[in-house]
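Trainee: I'd like a close look at one part of this model, the place where its chains meet. Please take it slowly, and add whatever helps me read the rest.

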Number of protein chains: 2
Amino acid sequence: MVTTNGTNGTNGTNGTNGVNGTNGASAAERPSRNPYASDGDNFLSNVGRFKIIESTLREGEQFANSFFDTETKIKIAQALDDFGVDYIELTSPAASEQSRLDCEKICALGLKAKILTHVRCHMDDARMACAIPGLSGLDIVIGTSSQLREHSHGKDMDHIQRTAVEVINYVKSQGLEVRFSSEDSFRSNLVDLLTIYRAVDQIGVNRVGIADTVGCASPRQVYDLVRTLRGVVSCDIECHFHDDTGCATANAFCALEAGATHIDTSVLGIGERNGITPLGGLMARMIVGNRDYVKDKYRLEKLKDIENLVASAVEINVPFNNPITGFCAFTHKAGIHAKAILNNPSTYEILNPSDFGLSRYVHFASRLTGWNAIKSRCEQLGLHMSDTEYKQCTAKVKALADIRKLTLDDTDAIIRNFHKNVTAGADVPLVEGLTQGEKRLLDEEEAVLDQAANKKGKLDSVAAGLPVDAANSV
Amino acid sequence: MVTTNGTNGTNGTNGTNGVNGTNGASAAERPSRNPYASDGDNFLSNVGRFKIIESTLREGEQFANSFFDTETKIKIAQALDDFGVDYIELTSPAASEQSRLDCEKICALGLKAKILTHVRCHMDDARMACAIPGLSGLDIVIGTSSQLREHSHGKDMDHIQRTAVEVINYVKSQGLEVRFSSEDSFRSNLVDLLTIYRAVDQIGVNRVGIADTVGCASPRQVYDLVRTLRGVVSCDIECHFHDDTGCATANAFCALEAGATHIDTSVLGIGERNGITPLGGLMARMIVGNRDYVKDKYRLEKLKDIENLVASAVEINVPFNNPITGFCAFTHKAGIHAKAILNNPSTYEILNPSDFGLSRYVHFASRLTGWNAIKSRCEQLGLHMSDTEYKQCTAKVKALADIRKLTLDDTDAIIRNFHKNVTAGADVPLVEGLTQGEKRLLDEEEAVLDQAANKKGKLDSVAAGLPVDAANSV
């Protein structure tokens with residue numbers, strides 16, 4: 001593949017038209033405004049000033065494959081701290097004796113990130129957590145949906161509120177931060193939710209939390225609920241989204257647009273079932289919203305290493321389509337895409353791979369390959385030809401790619417041999433090791449191409465670009 | 001793990017409160033309405049009547065790893081047709097000679113799904129496509145963003161519109177369906193977009209398309225643009241979302257809420273870079289929006305096989321966190337989750353695995369395990385004990401899981417040995433093969449647990465549920 005290092009000129013400055021359009025640029029410099037762009041500049045929006053509560057060591061421990069020994073937990077905590085997350089959330093010390101010991105050890109590391117632990121709304125758990133030296137705060141939680149009240153803890157809203165007030169007052173008396181969250185907020189009664197959030201806000205809770213525990217929420221639903229809550233409480237608002245229906249990253253973004261302040265993430269999104277908003281996915285989404293804030297605050301070039309560390313610890317592969325770090329996230333294949341990317345990367349990229357210490361690739365070994373990609377590869381190989389010859393070479397690559405899967409080495413060999421035939425008058429076969437069947441198919445394909453070219457009355461029509469660049473895009 | 005086959009009572013009927021709340025249920029049966037629920041019932045919304053344009057054989061062919069030979073294309077087309085997709089979109093016949101031959105073969109299969117091919121907005125390409133017998137329609141596309149107009153094709157909006165009108169009139173004259181789409185719609189000038197969409201609507205285009213070609217769009221931006229377009233054209237609206245910033249599924253949902261009619265998908269989302277809205281992810285999202293429509297129209301139990309077919313063809317693994325079919329999508333681990341799921345699956349599941357021919361699992365081999373999961377497993381193994389004994393057994397499992405990663409076999413062995421010791425007065429070790437170091441750690445852990453129990457003045461306090469069920473949730 002062709003690796004390009006061109007600067008992705010317009011990324012971030014006009015990533016989504018209108019978001020950054022008003023940041024002091026003159027009318028002439030400004031991209032044309034799109035009135036339907038995301039409202040990053042809206043007075044409610046925290047798209048340009050969000051904080052991350054990183055929960056790989058809590059939610060992530062609930063992932064089916066997770067078993068974190070103490071040493072692994074420490075490595076992950078240190079890597080997250082290096083990356084620049086604001087908070088690191090740990091499994092409750094009440095979960096097991098080792099969980100309690102690990103909380104103590106991580107609190108003793110002296111990290112820049114604040115350390116939280118996540119406990120049930122229960123005085124026994126709160127006391128155990130508050131006894132841990134160096135802990136910054138507690139995230140307390142209780143289920144408020146009718147499903148959870150009926151089938152899990154069996155408590156009514158009055159009881160929940162009384163317990164919450166007692167626990168919050170206790171944690172505050174110990175000098176620690178405290179967040180109160182409902183569980184399954186989107187299936188809870190709205191009036192019940194607002195009532196309890198108002199009550200805990202009035203006694204000085206630091207944050208209230210909205211949690212889509214089952215992954216049912218949709219983006220506009222999130223926006224509307226957070227915006228309403230923003231009008232009811234004056235404290236910070238933390239949001240936690242499960243990804244069962246593929247909306248966890250989008251929901252986080254809409255929550256920030258509506259005034260949420262903190263987003264829960266985990267590395268690769270690991271957590272219960274198929275997990276929560278992934279740290280990398282959130283970075284991809286937010287850098288489009290406000291590039292300066294994200295680049296200044298987080299060490300994005302560390303993302304790939306952190307993901308590999310966690311993937312290895314829980315014995316999974318990084319998904320092929322992972323945001324930013326998936327193996328093909330910056331690979332361009334169709335002819336039209338490749339041509340434009342080689343001309344200006346912003347045409348088909350909203351993220352700049354170099355922001356993450358990565359490179360882009362232009363694929364040049366398929367039936368969808370266009371002549372611009374072949375020309376670019378020839379130039380990398382130091383093989384210069386005329387545009388007509390690049391186009392003829394491309395037609396050969398495409399004909400062979402129609403017959404069998406080409407490796408990059410195959411394609412380089414075709415290019416080198418074609419160049420030798422054209423420039424040195426040689427007559428070497430373009431590719432070695434074709435079977436008889438493949439040779440017959442290739443002859444047939446070339447006959448069709450020749451016929452098409454003759455029909456149009458010009459022998460180089462194929463080379464002139466019609467089929468060559470006709471690979472679809474969008 | 002514990003496999004449960006309980007019916008997920010409330011899924012679909014009140015998946016998200018309010019969405020289905022008004023579907024004829026009496027006030028007493030109705031779940032309490034959430035005014036911030038997704039507006040599936042809104043007059044604009046097509047959440048309950050969307051169509052799928054499946055593009056694995058077009059967008060998916062642009063995935064870096066894709067090489068589909070004819071036989072594979074036919075298998076994929078047949079599988080998608082069995083699944084029930086409305087349209088199957090193929091690579092342009094102008095891309096290569098084999099692409100053209102494959103179009104002909106797939107059109108000749110006599111599938112129920114309509115067959116489309118995706119071509120540049122160019123008369124030569126349109127003529128080549130219209131010559132294919134059995135084709136239902138053409139999806140034509142041209143870049144309209146300033147980025148693409150400047151750095152790709154170099155044409156102005158007037159030229160684009162004249163060409164579009166010529167191509168659309170030609171395709172209609174051939175008796176075929178035709179869609180006109182912009183490319184990179186969210187970075188295009190709004191007035192330019194609406195002008196050209198209105199023009200093609202007036203000459204009878206079947207669908208207009210909005211494409212987030214670079215994956216920059218956010219959900220509320222999508223909603224607003226589609227809603228505006230809905231007021232300008234009377235034809236159908238197709239949407240195509242890339243997933244670079246993790247919003248492709250959410251954006252599809254918001255587009256349907258705003259009045260879009262057709263969504264482009266590919267199996268596992270494969271496509272340029274990290275791809276587009278995945279077929280499975282869209283199913284997960286839409287079944288929460290309107291379970292009856294999705295279940296009646298699509299053969300959801302085929303999803304896993306189709307994904308495996310395509311994953312194998314392009315040599316990738318299904319991501320660990322893939323919606324619905326990821327290996328842990330229905331696995332519940334933390335004590336609180338497991339307890340509630342065993343009681344009623346709707347507590348922590350918005351999707352019902354049996355809708356997809358799958359099962360749920362309750363994890364019972366970790367430090368986060370609660371006694372309800374152990375009790376459930378004991379019952380499956382036919383080992384009956386008192387609740388106090390189940391809790392004591394759970395404390396042993398948790399203590400061992402604190403020291404090393406337990407396999408399911410390990411945990412079954414612990415349970416069997418504990419049962420033997422308790423009921424038959426035996427004194428067998430709970431687990432074989434502990435190292436000296438592990439034995440020492442276990443002794444320490446048990447001493448701490450005993451001390452804690454003594455401190456609280458009741459020997460079975462640990463077993464009574466405090467640390468046992470304290471694993472976090474949300």
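Mentor: We'll begin where the chains meet, follow the charged pairs, and then visit a helix and a few loops.

Some housekeeping: this is a predicted model, where local features need pLDDT of at least 70 and side-chain atom pairs count only at pLDDT 80 or more, while totals for chains, interfaces and linings use all residues. Residues are numbered from 1 along each chain as its sequence is written, chains are lettered from A and ligands numbered from 1 in the order in which they are written, and side-chain values use heavy atoms, with hydrogens and water left out.

Now the meeting place. Contact (heavy atoms within 4.5 Å) links 130 residues of chain A with 131 of chain B. People often give an interface's size as the accessible area lost when the parts come together. Here the two chains bury about 10900 Å², with 55% of that on carbon and sulfur atoms; this buried area is what the two parts lose on being put together, taken with a 1.4 Å probe and summed over both.

What about charged pairs across the interface? Side chains of opposite charge can pair when their charged atoms come close. A salt bridge here is a side-chain nitrogen of Lys or Arg within 4 Å of a carboxyl oxygen of Asp or Glu, and chains A and B have 6 of them between them. In one of these, A:Arg220 meets B:Glu257, at 3.2 Å from N to O. There are also 35 residue pairs in polar contact between the chains, both residues at pLDDT 80 or more. (A polar contact is a pair of N or O atoms within 3.5 Å; within protein, one must be able to donate a hydrogen and the other to accept it, and residues adjacent in sequence count only if both atoms are side-chain atoms.)

Which piece of chain A gives the largest share of the side touching chain B? That's helix 7 (residues 219-230) of chain A, with 7 residues. Helices (H or I, at least four residues) and strands (E, at least two) are DSSP runs, numbered from the N terminus. Sorted by class, that side of chain A has 52 nonpolar, 46 polar and 32 charged residues. Nonpolar covers Ala, Val, Leu, Ile, Met, Phe, Trp, Tyr, Cys and Pro, charged covers Asp, Glu, Lys and Arg, and the others, Gly among them, are polar.

Over all chains, the structure holds 61 salt bridges. Take A:Arg360 and A:Glu349, whose closest N and O atoms are 2.8 Å apart. A:Arg360 sits in strand 11 (residues 360-362) of chain A and A:Glu349 in the loop between helix 12 (335-343) and that strand, so the pair ties together parts 11 residues apart in sequence. Both A:Arg360 and A:Glu349 are buried, where buried means under 20% relative accessible area, exposed over 50% and partly exposed in between (1.4 Å probe, protein chains only).

In chain B, B:Asp355 and B:Arg291 come within 2.7 Å, N to O, in a salt bridge. B:Asp355 is in the loop between helix 12 (335-343) and strand 11 of chain B and B:Arg291 is in helix 10, so this pair ties together parts 64 residues apart in sequence. B:Asp355 is buried at 7%, whereas B:Arg291 is partly exposed at 22%. Some salt bridges share partners: A:Lys114, A:Asp139, A:Glu177, A:Arg179, A:Arg207 and A:Glu238 form one network that way.

On to helix 1 of chain B (residues 70-83). Its buried residues include B:Ile76, B:Leu80 and B:Phe83, and among what covers the buried ones are helix 9 (279-289) and helix 11 (303-313) of chain B. Just after the helix, B:Gly84 has a positive phi of about 110°.

Most residues other than glycine have a negative phi. A:Asp184 has a positive phi near 60°, and so does A:Glu315. Are these two buried or exposed? A:Asp184 is buried at 0%, while A:Glu315 is exposed at 57%.

Finally, A:Asn206 is in the loop between helix 6 (190-202) and strand 7 (207-212) of chain A. The side chain of A:Asn206 reaches the backbone nitrogen of A:Val178 at 2.9 Å.
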